[in-house]
Amino acid sequence: MAAHGAGLRRVLVLAFCVAGIWSAYIYQGVLQETLSTKRFGPDGKRFEHLAFLNLAQNVVCLVWSYIMIKIWSRGSAGGAPWSTYWSAGITNTIGPAMGIEALKYISYPAQVLAKSSKMIPVMLMGTLVYGIRYTFPEYVCTFLVAGGVSTFALLKTSSKTISKLAHPNAPLGYGLCFLNLAFDGFTNATQDSLTARYPKTTAWDIMLGMNLWGTIYNMLYMFGWPQGIGFDAVQFCKQHPEAAWDIFLYCLCGAVGQNFIFLTISRFGSLANTTITTTRKFVSIVVSSLLSGNPLSTKQWGCIVMVFSGLSYQIYLKWKKLQKLQKKRKAT
């Protein structure tokens, strides 16, 4: 009976995590698309300074992580010093800014699909630079994802979707997305290195350190000289309070979503988190198509299914590896 109760609680916590991640990031995606395509106010102006979202997100997450550390931290020392995050802070500032800027040139579904192909640069770097040999099923996953993304990019986008973009330019938009992935790869590798060197570093410590440096770099870039784009972005928000509210909600969704990601990883592991976030991306594309009026052709839906089939197969392969590892541990 006790085991049944514990199992039920575990299922309820997992459902809570899924609902939290999905609701936070799907709504954040809706807000991101709104800010990149909507014309605000009677003058019908667009919010052109999308990189400002990165600074706003840094500030909100910085405050959020500081509050969480004060609430949950038990005064444990030995975490990575804040100064060690400076290099990862640079790539974590440039990478996401490129991903957001891409929405000026390609649609939100295209951006989500392109950013889902993180395994492609990882495997390319692994093969060409480090001489890593991957298994045939791993190459199948990469082929499905790469084939789906490239075919989607080559297919004609509907005129309705193109009319919503600020500056339609598919090659530039996809290029920014892949640069975003490259910078993210360096950021993740640096974070892993820091946690290996300082094992007592918590997720909140990382969030605080990364967003502290992100805030510093973005403030210098956007407000460091009289022509900085930050001044124009603030002026736009003063003239269009609706845009300022959307930006605040966008940032809040990111901070809340991080909460649920940390909870999922701590309770169920990174594989469960990967599964939840991958399915969330697919749902985000469906929501964008239905709510934002981004019509997708049958061929485009076929490409989306192809990409997420590859991602799902990758998750399955990771699960099999995890099962084998657990069996070996039990045997020893």
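This briefing walks through the charged pairs, one unpaired acidic residue, and the empty spaces in the structure above. Keep in mind that the model is predicted. It holds three salt bridges, and a search of the whole structure turns up two cavities of 30 Å³ or more. There is also a pocket to look at, the second largest, with a volume of about 190 Å³.

**Salt bridges**

- Side chains of opposite charge can pair when their charged atoms come close.
- Lys38 and Glu242 make one such pair, with their side chains meeting at 2.1 Å, N to O. This pair ties together distant parts of the chain: Lys38 sits in the loop between α1 and β1 (39–40), while Glu242 belongs to helix α11, 204 residues apart.
- Both partners in that bridge are partly exposed: Lys38 has a relative accessible area of 27%, and Glu242 has one of 42%.
- Glu101 and Lys104 form another salt bridge, at 3.0 Å from N to O. Here Glu101 counts as buried because its relative accessibility is 17%, under the 20% cut-off. Lys104 also counts as buried, at 11%.
- Glu138 and Lys321 pair up too, at 3.2 Å from N to O. They link distant parts of the chain, with Glu138 in helix α6 and Lys321 in helix α13, 183 residues apart.
- Lys321 is exposed, with a relative accessible area of 51%.

**A buried acid without a partner**

- Asp246 is found in helix α11, which covers residues 241–268.
- Asp246 is buried yet has no salt bridge. Why not? The nearest side chain of opposite charge, Lys38, is 5.0 Å away, and a salt bridge needs the nitrogen and oxygen within 4 Å, so the pair does not count as one.
- That Lys38 is the residue that meets Glu242 in a salt bridge.
- Leaving out residues up to four places away in sequence, Asp246 touches Leu31, Thr34, Leu35 and Phe40.

**The two cavities**

- Rolling a probe the size of a water molecule over the atoms shows where empty space is left.
- The largest cavity holds about 60 Å³ of space. Its lining includes Ser107, Pro109, Phe152, Thr161 and Gln300.
- What kinds of residues line the largest cavity, by class? There are four nonpolar and six polar residues, and no charged ones.
- The second largest cavity holds about 40 Å³. Glu33, Thr37, Ser107, Tyr108, Thr161, Lys164, Leu165 and Asn294 line it. Two elements give two or more residues to this lining: α1 (2–37) and α7 (159–164).
- By class, the lining of the second largest cavity divides into two nonpolar, four polar and two charged residues.
- Ser107, Thr161 and Asn294 turn up in the linings of both cavities.

**The second largest pocket**

- The lining of this pocket is made of Met119, Val122, Met123, Tyr134, Glu138, Cys141, Gln314, Leu317, Lys318 and Lys321. The elements giving two or more residues to it are α5 (119–128), α6 (136–154) and α13 (298–331).
- Which element gives the most to the lining of the second largest pocket? That would be α13, with four residues.
- Sorted by class, the pocket lining has six nonpolar, one polar and three charged residues.
- Glu138 and Lys321 both line the pocket, and their side chains meet in a salt bridge.

Key: Residues are numbered from 1 along each chain as its sequence is written. This is a predicted model: local features need pLDDT of at least 70, side-chain atom pairs count only at pLDDT 80 or more; totals for chains, interfaces and linings use all residues. Side-chain values use heavy atoms; hydrogens and water are left out. Buried means under 20% relative accessible area, exposed over 50%, partly exposed in between (1.4 Å probe, protein chains only). Lys and Arg count as positive and Asp and Glu as negative; His and the chain ends are not counted. Contact means heavy atoms within 4.5 Å. On a 1 Å grid over the protein atoms alone, a cavity is a set of points where a 1.4 Å probe fits but cannot get out, and a pocket is an open set with protein on both sides within 12 Å along at least five of seven lines; lining residues have an atom within 4 Å of a point. Grid points are joined across faces, edges and corners, and a volume is the space filled by probe spheres set on the points. Ala, Val, Leu, Ile, Met, Phe, Trp, Tyr, Cys and Pro count as nonpolar, Asp, Glu, Lys and Arg as charged, and the others, Gly among them, as polar.
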